[in-house]
Amino acid sequence: MSSLSEPDFVARREVLRLIAAGAAASLAGCSKPDQPIVPAVEDKDGDRAGRIRRYATTTTLAGYGRGATALVVDGRPIKLEGSARHPASLGATDLFTETAILDLYDPQRLRAPAGPAGIAGWPMLERALIARLAGSNGEGSVLLTGRITSPSLLTRIAEARTRMPGLRHIRSEAIGDDAEREGARLAFGRPLTMRPRVGEADVLVLLDADPLGPGPDQVPFARAWADRRRAPGKPQRTYVLEPSPTQSGICADRRIALHPALVVNALLAVAGSLGAGNSSGADLPPDPAALVASVIRDLNGAQGRAVVMVGRGQPPEVHALAAWVNQRIEAPIDWIDPVDPDPSGHVESLAGLASDMAAGRVATLMVLDANPVLHAPPSWHFAEALERVPLSVSFSAFPDETAMATRWRAPLAHSLESWGDARSPDGTASLIQPMVKPLFGGRGALAALAMLDPAGPRPSDHDRVRHQWNAIDDGHWRDLLVAGVIEGTAAAPVPPGDARLVMPAPGWASAATIITLPPSPTLWDGRGATNAWAQECPDPVTRQVWGAALRISPGDARRLGVDDEDLVAFAGLSAPIKIVEGQADGVATLPLGHGRTAGGPIATAPGTLGAGTDAYRLRGPRGDWLSGGVTLVPTGAKAHTPRNQKDFALDGDAASLFPVVAPGEAIPKPPSRTTLLGAGPERPPDAPQWAMVIDTSACIGCNACVVACQAENNIPAIGPEQIGKGRDMHWLRVDRYEHEHGGGYQPVPCMQCETAPCEPVCPVEAPVHSAEGLNLQVYNRCIGTRTCQANCPYKVRRFNFLDYAGADLWGDLDPAPVTAQRNPDVTVRARGVMEKCTYCVQRIETAKHEADATGEALVTPVTACQAACPTQAIRFGNLADPASDVANLRRDPRHYALLEELGTRPRTTYLAKVRDVGDGEGEV
Amino acid sequence: MTALALASFADEAAFRAGVAKADEAGRRVVGLWSPYPVEIGAIGEGTAAPITWISIAGGLASALLFYGFIWWTATQSYPFDSGGRPLHSWQVFLIAPIEFGALAAGVAGMIAFIVRARLTRLHHPAFDISEVERASSEHFVFALACDAGDGGAVLALLAEAGAVHSRIVTR
Amino acid sequence: MSDAARWLLPSMFDHKAITDAIAGPLVEGKAGKRWWIAVLVSLAVTGIGVLATGISFTYGPGMWGNNSAVVWGFPIANYVWWIGIGNAGTLISALLLLTRQKWRNAINRFAEAMTILAVSIAGLFPIIHLGRPMYFYWMAPYPNTMGLWPQWRSALVWDFWAILSYLLFSLIFFYLGLIPDLATLRDREGPRHWRRIWGAFALGWQGTPGQWRSHQRLQRVMAVIATPLVCSVHSIVGLDFAASLMPGWTESVFPPYFVVGAFFSGFAMVVLLALVIRAALSLEALIRPAHLDACAKMLLAAGSVMLLSYGSEWMSALWTGEAADLRFLRFSFTGPYAGLTYGMILGNCLLPQLFWSPALRRSVPVLVIVSAGVLVGMYFERILIICNTLSIGYEPTAWTLYVPTLVDFAILLGTGGLFVFAFLLLSRIIPLVPMYEIRELAEAAKGDAR
Amino acid sequence: MARTALVLLLLSPLLLVFVLILQHTGTITGQDRFVEQTVPFSHKHHAGELGIDCRFCHIGVETGAKATVPSTEVCMTCHSQIWTNAQMLAPVRNSLATGTPLVWSRVNRLPDYVYFDHHVHVRNGVPCAACHGDLRQMPLTAQATPMTMQWCLDCHRDPAKRVVPQDRITWSRPYDAPIPDDELQRIHAHLLGVERSRKLTDCSTCHR
């Protein structure tokens with residue numbers, strides 16, 4: 001899988017030269033003057049020029065590592081895929097890994113250190129730090145970071161602190177896990193991390209928890225969840241009680257909206273049924289009460305095969321009680337010691353720092369890849385406190401809020417530019433290996449720390465990491481690099497001991513509206529906001545792009561007399577309304593990370609509505625993920641909120657677009673219709689027949705496939721204005737549907753119809769069929785009549801209304817670096833050309849060429865979306881081979897084709913969504 | 001030496017009468033010009049029937065050729081699998097040839113007409129006769145062959161036939 | 001109908017009078033101030049259109065309101081609308097020729113001229129609307145270095161041939177009728193160089209019985225071919241939509257109903273032009289109330305047929321009970337475009353009903369209002385055919401509304417200007433009423449008068 | 001006058017015919033086109049007279065899509081020994097000294113949207129000469145073939161005529177010597193296998 005990689009070789013890459021040489025193909029074709037041939041002086045690539053090579057590395061989210069494989073062509077990393085060996089990747093990726101590659105080439109990145117006197121070189125910054133730190137014991141110096149799981153970083157920090165005992169390291173992740181830790185401490189007397197074995201659970205109860213949603217643990221959890229639901233035998237039933245629809249809620253078998261303050265009552269009821277004593281005053285509205293009743297019923301029947309999970313937003317006591325409940329039902333859960341060794345709380349430590357700074361007790365502050373100015377609760381006045389620090393440096397990739405507030409800001413290298421390592425949420429360590437020299441002269445975290453510790457020895461980052469894993473001999477080191485993952489570093493489960501029964505006080509729904517503040521599924525804690533792909537990626541719940549909206553229930557909307565896109569003012573913010581079915585009354589929801597005020601033209605793009613939607617400003621002084629009571633005041637104004645899908649409800653016959661079945665139920669096969677069409681031309685007997693089957697039951701709407709496709713196929717982001725005009729370029733869209741039988745997600749790429757309606761209507765044979773059943777689109781032949789899309793019942797074709805490939809979303813920054821990300825095997829489409837999903841034909845052709853050249857059998861290629869999918873919902877293969885995945889799945893009783901009655905005979909087909917409502921009440 | 005007697009008439013009826021008279025008088029009508037179609041017996045250059053046949057033949061032939069061409073491009077030159085439709089989708093291949101056939105018929109007819117009506121002769125001797133010019137707007141004109149000798153008689157005959165104006169031209 | 005006198009005032013019984021009345025206003029006569037104003041205005045409007053087209057060519061189709069779902073918009077609607085108008089002229093003059101309608105003579109010439117202009121304008125849009133207009137010629141079969149030919153199954157290729165054939169055919173038909181009149185102009189007093197040009201195009205026409213015989217024959221032959229050709233052209237335009245599988249498009253009724261619609265809008269335009277020419281060139285003697293009456297009857301008939309075809313379309317949707325079709329129907333009557341739907345019914349079906357009253361049939365203002373109403377209504381129909389279907393297809397995700405931009409409107413406006421401009425020029429260089437046919441008519445009329 | 005006009009009108013299509021013919025000629029396709037190079041490299045000398053194998057410099061041709069133009073190092077493997085101070089080679093030495101790559105002008109142009117893969121062709125019996133002509137006779141390198149789509153198709157429709165035994169791949173005139181029957185059979189058997197499993201005229205063969 002990973003080819004052999006020599007560190008020195010990788011590090012010597014000169015990418016910008018290749019950019020200049022115009023590495024990416026372009027359709028602006030014929031008329032363009034010839035590009036000259038520029039061979040290297042000393043050839044590193046040798047006979048491997050122009051071929052994609054794969055290197056193991058690691059990307060991080062919230063400090064946790066997720067194994068990845070970098071696809072590198074002629075020294076340019078062009079895509080990130082998963083690493084099969086890594087427990088937090090399992091070969092798949094999530095949205096954040098997929099978007100990371102664009103960050104690498106993002107023109108908004110900081111390019112040089114800048115100080116009070118403006119742009120400065122590294123030496124000046126170093127001098128400034130030395131002047132302050134040389135000889136000192138670090139008194140009054142603070143290192144502020146996000147979560148750090150990297151062993152070599154931790155070692156490095158420890159090393160620095162042996163020399164400078166006064167140096168304080170404060171770690172505060174924006175989206176922390178304080179409640180979980182505190183809850184565990186209450187229950188077991190020490191912080192422990194809960195790792196449910198989802199596969200073993202027949203019943204899964206999610207109380208205001210969204211494990212299928214974004215986060216460092218999304219991929220492994222979703223995989224286990226989907227595998228279990230795919231497996232034959234007893235179906236798994238997932239209950240969700242939550243204030244606002246999340247991916248988990250949408251995928252659940254039974255879900256109900258519940259005020260966050262009442263979640264504790266639901267848990268108390270459950271605990272009560274398990275003998276936790278009386279839970280008086282723990283009232284629930286009738287419907288949730290009914291649901292909780294069936295939860296209790298199911299839990300009783302599922303001793304040892306059920307798990308209760310509580311969300312980040314709930315207080316520690318609730319987590320503690322959940323721990324007790326789980327122990328009573330002998331839930332399949334591993335408890336491990338926290339992978340993040342820092343015992344302090346994310347919020348309190350940052351609060352401490354804020355007051356210290358305010359009190360002038362901090363002389364030197366180095367912020368390393370953190371953005372406290374954005375996420376610190378407003379009541380702390382963090383920015384003002386920061387003013388009082390004489391010497392403050394922020395190492396960050398982008399000019400974010402903190403970088404703009406500190407005296408100095410310095411470019412931090414991308415993880416594909418620097419050496420390092422990280423642990424996954426289960427403790428497994430993996431290596432971060434650079435693919436290119438820092439493109440914009442940034443420095444990695446290790447190098448940054450070296451500046452904080454001028455007295456320390458200065459081995460290269462590479463040597464530090466290698467030493468960390470004491471890879472003495474080169475062979476061992478190379479093996480480690482090739483594997484990426486370091487075997488046997490996973491944290492072993494520990495016996496938690498008996499859980500103490502903690503009875504939290506019952507909650508009651510306050511009269512005033514409260515606002516829940518979940519992390520954004522596309523921007524996470526806001527670091528995705530600088531990324532054009534992430535911004536243009538539709539929110540899994542509202543399908544909104546380039547900005548956030550305040551989600552309220554239809555009932556509240558009626559009471560307020562507001563409609564979608566009406567601006568409402570509240571607590572100093574103002575955001576447009578999005579009415580969401582299944583939102584609890586009296587609760588509004590505003591995802592975090594939007595409404596950035598710094599970070600570059602993308603983060604602050606028009607349409608993202610600026611600070612008005614910055615949910616962090618609603619954080620209470622204790623930094624919790626609920627606002628206090630607010631009143632929503634309609635302003636009468638409207639704000640445009642671009643969305644890729646307007647409504648999700650399927651009425652009447654339309655429901656057949658998204659069939660939902662009970663476990664074991666089959667889809668009725670439609671009567672085979674006779675057609676008047678004559679037979680098409682015959683195909684070569686041994687030609688593979690490509691097809692795709694998508695399991696809507698496994699799809700969690702995470703959008704990893706959407707962005708994977710974007711990265712693989714040179715699909716440009718086109719910006720809020722264009723999307724607002726009803727145009728979009730995603731070849732693969734993930735539709736969200738709701739109807740009486742249930743709801744869920746349906747990824748829709750090109751159907752590759754065998755009797756494609758788009759082909760015979762084109763006057764110039766731009767869309768034609770290949771012998772392998774591919775519905776090809778020949779860009780250079782297309783003249784842009786758009787007849788194909790007009791006649792496509794699935795509307796999966798995308799048209800370049802403007803010169804999107806050359807589109808510059810980065811304000812007055814030169815977008816040239818972005819072109820270096822482009823896949824040289826895929827044509828860059830010109831203006832006025834129709835494009836669409838090709839089943840990654842470039843991968844198919846590469847595979848065929850290899851087979852032809854080597855005379856070996858054809859290896860079935862993997863499409864980008866398939867590779868990305870965390871739940872393996874997307875399967876691709878050769879229909880002509882009866883043993884292939886797709887051939888088998890097509891025989892599944894849940895198998896169906898979209899709009900089969902039209903007789904287009906799609907090659908992309910689906911497995912129906914399975915929903916286990918048990919005793920029938922189908923709340924959605 | 002021969003001469004030409006030219007007679008102009010104000011309207012169709014008189015014109016017809018004049019021609020008839022000249023006929024009876026055994027004079028040979030050598031030319032007729034009218035500002036709109038006037039059918040007078042068998043005088044004038046033969047039938048126009050061939051135009052129909054040439055036009056129809058031209059149309060049919062081109063349509064057939066065109067269909068053959070389409071068949072060749074779609075099934076021989078570069079056969080494409082277009083949405084699994086048959087290579088030779090004759091039903092839809094018929095449409096373009098029909099349209100083109102109609103055009104070809106028109107063109108063929110036009111050419112036939114030009115040849116048949118002896119057009120494109122801009123400097124035809126007839127244009128030297130002033131009467132012919134007026135014939136294109138208001139007058140009906142015919143020419144009789146006669147000898148210079150009996151010019152007078154002819155003029156008398158024409159006058160009596162109701163010619164608004166007549167004269168003898170000698171060559 | 002038989003008495004020719006109804007179609008001509010005695011003042012026109014004299015051949016010379018006819019020639020003067022029709023040939024008089026041409027280049028030899030002075031162009032009035034009104035003409036110049038009209039030319040300048042239309043030129044300015046055309047300029048706007050050219051500018052808008054330039055903008056779209058420079059920045060791309062993104063300048064229009066089209067979106068991922070409604071990939072077609074104004075350009076295609078303009079195309080269908082103009083080609084519809086273009087359909088009437090040749091059809092009228094051919095049909096009426098075959099049915100020996102005496103009143104044809106007064107209107108057929110400018111009706112044909114209108115056809116040629118309208119079809120030429122319509123022919124521009126399949127090119128303008130392309131994403132890469134510079135490659136439009138790939139639709140034509142020519143031996144290229146790619147070894148590729150057009151894709152003959154595509155309705156757009158059928159369009160290409162239909163428009164091409166129809167345009168050239170109409171041009172020949174028009175020119176054929178023009179030849180004797182050109183001869184008249186050639187032989188008349190007037191500016192030398194213009195007479196030379198007319199003379200050249202008259203091809204040495206003398207008006208001998210043989211020439212007249214061939215002329216008449218070819219005219220009949222072409223009329224016989226023209227009639228089915230015209231119908232086929234708009235049937236093919238109808239197939240652009242009907243030969244698909246989108247709800248609201250897959251209608252077997254489309255071809256005939258497009259033909260009627262085309263004839264309808266075309267005739268409305270003819271009426272407007274007739275009234276304008278009549279007033280501008282003071283041809284009241286040639287274009288009589290009886291003509292207007294006849295045209296009005298045509299509009300009434302066509303309008304009723306339109307109502308019938310709409311009805312059958314909606315009926316078939318209800319009949320099939322296909323979810324998509326029903327949704328489509330509901331959308332077109334209650335959706336955001338409903339206004340256009342009702343406007344369409346009003347203009348195309350209800351307004352013409354006024355013509356049941358003989359008085360209104362002869363009233364100029366009513367004729368103007370109704371014809372204008374029909375033209376607008378037909379445009380609504382064209383745009384609805386596109387937007388309804390594409391806005392409310394099979395996939396709810398793709399339900400997107402269409403909102404035209406200024407550029408869209410500017411291009412449409414520009415084509416109007418171009419049409420007027422070109423027509424004004426024609427009106428100065430060719431007789432808009434066939435003189436020789438009027439002479440024939442006059443002769444007959446004299447006969448009746450006696 | 002009108003007659004002449006009419007005749008010209010009827011002849012005007014000939015202009016189009018002229019253009020149609022022109023597009024197939026070298027003026028448009030670039031066939032037989034020479035290009036000025038920084039170093040006047042002679043294939044005739046190196047490949048012809050010295051008999052250096054194509055693959056010595058174009059190392060990618062058997063392993064990847066790109067045949068690759070040799071790096072300065074490759075040139076210097078020999079020229080560090082011979083012609084060490086030939087004026088002609090100054091740019092090459094300069095390049096190695098300064099580390100700035102040599103810049104060659106393209107001779108064989110394919111549009112960006114055409115994906116040609118060398119090793120598939122070379123490994124399947126398509127000789128270099130099939131597309132690049134007899135380079136051993138070329139003092140300066142010229143584009144030997146039209147390299148139009150039509151030209152590619154000619155071969156993709158009927159490869160049997162162009163394919164030669166593997167040992168002739170780099171010959172300058174691979175087609176001249178007759179191919180022994182057993183070889184011929186092997187080639188045809190191989191091509192038959194290819195034909196059974198894919199259609200070489202599918203658009204995706206070259207366009208993506």
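Me: Hi! Is Asp566(A) buried or exposed?
Reply: Hi! Asp566(A) is buried, at 17% relative accessibility. Buried means under 20% relative accessible area, exposed over 50%, and partly exposed in between, with a 1.4 Å probe and protein chains only.

Me: Good to know. What kind of model is this, and how are things numbered?
Reply: This is a predicted model, where local features need pLDDT of at least 70, side-chain atom pairs count only at pLDDT 80 or more, and totals for chains, interfaces and linings use all residues. Residues are numbered from 1 along each chain as its sequence is written, chains are lettered from A and ligands numbered from 1 in the order in which they are written, and side-chain values use heavy atoms, with hydrogens and water left out.

Me: Back to Asp566(A), which residue forms a salt bridge with Asp566(A)?
Reply: That would be Lys638(A), with the closest N and O atoms 2.7 Å apart. The pair links distant parts of the chain, 72 residues apart: Lys638(A) is in strand E25 (residues 633-638) and Asp566(A) in strand E22 (residues 566-570), both of chain A. Lys638(A) counts as exposed, at 55% relative accessibility.

Me: What's the rule for a salt bridge, and how many are there over all chains?
Reply: A salt bridge is a side-chain nitrogen of Lys or Arg within 4 Å of a carboxyl oxygen of Asp or Glu. The count comes to 82 over all chains.

Me: Which two chains does the salt bridge of Arg683(A) and Asp81(B) join?
Reply: Chains A and B, because Arg683(A) lies in the loop between strands E26 (660-661) and E27 (690-695) of chain A, and Asp81(B) in the loop between helices H2 (49-77) and H3 (90-93) of chain B. The N to O distance is 3.7 Å. Helices (H or I, at least four residues) and strands (E, at least two) are DSSP runs, numbered from the N terminus.

Me: And how covered are those two residues?
Reply: Arg683(A) is partly exposed at 29%, while Asp81(B) is buried at 7%.

Me: Which residues share partners in one network?
Reply: Arg147(A), Arg171(A), Asp177(A), Arg181(A) and Asp340(A) are joined that way by salt bridges.

Me: Switching topic: what does strand E1 of chain A pair with?
Reply: E1(A) runs antiparallel to strand E2 (residues 64-73) of chain A, with 10 bridges between them; two strands pair if DSSP finds at least two bridges. Ile52(A) stands opposite Val73(A) in E2(A).

Me: What about the turn?
Reply: The two strands form a hairpin with 2 residues between them, and Ala62(A) in the turn has a positive phi of about 55 degrees.
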